[in-house]
Amino acid sequence: MKIIGTGSALPSLAVTNEMLSVFLDTSDEWIHTRTGIFERRIISDENLKDLAVEAAQKALDEAGISGSELDYIICSNVVNYYVTPSLSCLIAGGIQAVCPCVDLNAACSGFLYGLDMAQAYIMTGKAKNILVICAEEPTRMCSWKDRNTCVLFGDGAAAAVVTQGEGFKASWITAAHRPEILYYQRPLEDCPFVKYQQRGVPMYMNGKEVFKVAVTASIQGIEHILNQTGLTADQVDYYILHQANMRIIDTVRNQLHLPAEKFPHNIERLGNTSSATIPILLDELNKSGKLKYGDTVVLSGFGAGFTAGTCLFTWTMNQ
Ligand code: UT7
């Protein structure tokens, strides 16, 4: 499998740390020193489906194929206005695709899970062209009175078109039962037969615990993938990690004894856009020409569940 197109779309509203400190007991100083975030994009007058369609169309345009040539759409999404139909079906309508569509929820690891699924379909010959898209609005899961969570997140969408070819070398996904450290419970409709009505709980996160689990999972994933491919850590050109906290990225980098240039980031501008962080950053590196043909790239993410995923590929675009 190889990537032949990427695309991303962001909300127009940039919300700075100062804007949050107007209504929250927080400060620019606290947020950027603890997380690396200065601002994030938040959906105001757009909607997530339209951003996703825009990201998908850009990826298709770069790939040089139309939506009707897709064999599958895999959409990573945690929350959006529709519970059903799936967001992938809604996106399909916007890009004139007629293929099967499925949503997956692996929280912030969704891009890694999506690529892993796509690779399985492509390797068995069941599909040729697949759109893996991540579209997320985590800002709609947080309480905007809870400074522990809402300052961390932003919204966005990004996609990759993958097809048959040589590029992907290895992929490893995992999951562990740790719902208590990070969860969001949506309200359900009242039902006359249910004993306890479920009103929903805004996102809860035990930040310190998630931090520890995230560092361990990222390092395990990277070491696993390096062992699998027989490469050393310094032979990788770029490590594109989930953008949840700059301190997590720096801790992983320091434990691997690698220079900062190998760990590109955009968390300072976009915050944590859940599963969209990795494909947004991948698209930025692609479009800016930083990714060169033949570069070795590792993607690694983690999220609620607790899920994690890492993959390694050779960049086959920009020849
Ligand atoms: O993709 C989702 C995965 N999520 C993550 O990866 C998050 C991982 N965890 C983290 O990034 C960090 O744990 C946080 C950024 C969430 C928190 O940083 P921390 O250094 O672990 O801070 P803390 O939770 O220990 O809080 C320290 C203090 C507390 O005050 P007290 O109890 O010491 O008086 C908090 O109440 O900072 C306070 N605090 C804040 N202060 C100002 C928490 N949030 C804020 C805030 N502004 N926004």
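Where does the ligand sit? In this predicted model, the ligand occupies the largest pocket. That pocket is a good place to start the tour.

Take the two domains first. Domain 1 spans 2–166, and domain 2 spans 170–314. Both give residues to the shell around the ligand, so the ligand lies between them.

Now look at the helices. Three elements each give two or more residues to this shell. They are α2 (28–35), α6 (207–229) and α7 (246–255). Among the contributors, α6 gives the most, with four residues.

Next, the shell itself. There are 23 residues around the ligand. Those that come nearest are T26, R34, K208, N245 and N272. By character, the shell divides into 11 nonpolar, seven polar and five charged residues.

Some polar atoms of the protein can be followed to the ligand one by one. Start with W30. An N or O atom in the W30 side chain is 3.2 Å from an oxygen atom of the ligand. Move to R147. Here an N or O atom of the side chain is 2.9 Å from a ligand oxygen. Then go to G207. This time the protein partner is a polar backbone atom, and it is 2.9 Å from a nitrogen atom of the ligand. How much of the ligand does the protein cover? On its own, the ligand has 950 Å² of accessible area, and the protein covers 76% of that.

Leave the ligand now and turn to the backbone. Three loops deserve a stop.

The first stop is the loop between β4 (72–76) and α4 (87–94), where P85 is placed. The peptide bond from T84 to P85 is cis. Its omega is near 5°.

Another cis bond runs from G305 to F306, with omega near 20°. F306 belongs to the loop between β12 (296–303) and β13 (307–314).

The last stop is H257. Which elements flank the loop that holds H257? They are α7 and α8 (267–270). H257 is not a glycine, yet its phi is positive, at about 55°. The helix before this loop, α7, has already appeared above: α7 is one of the elements that give two or more residues to the shell around the ligand.

Key: Residues numbered from 1 in each chain as written. Predicted model: local features only at pLDDT ≥ 70, side-chain atom pairs only at ≥ 80, totals over all residues. Heavy atoms only, no water. Near = heavy atom within 4 Å. Polar contact = N/O pair within 3.5 Å; in protein donor to acceptor, adjacent residues only side chain to side chain. Areas by Shrake-Rupley, 256 points an atom, 1.4 Å probe, with all protein chains shown as cover. 1 Å grid on protein atoms, 1.4 Å probe; cavity = no way out; pocket = protein on both sides within 12 Å on 5 of 7 lines; lining within 4 Å. Sits in = over half its atoms within 2 Å of the grid points. Nonpolar A, V, L, I, M, F, W, Y, C, P; charged D, E, K, R; others polar. Domains from an automatic or database assignment.
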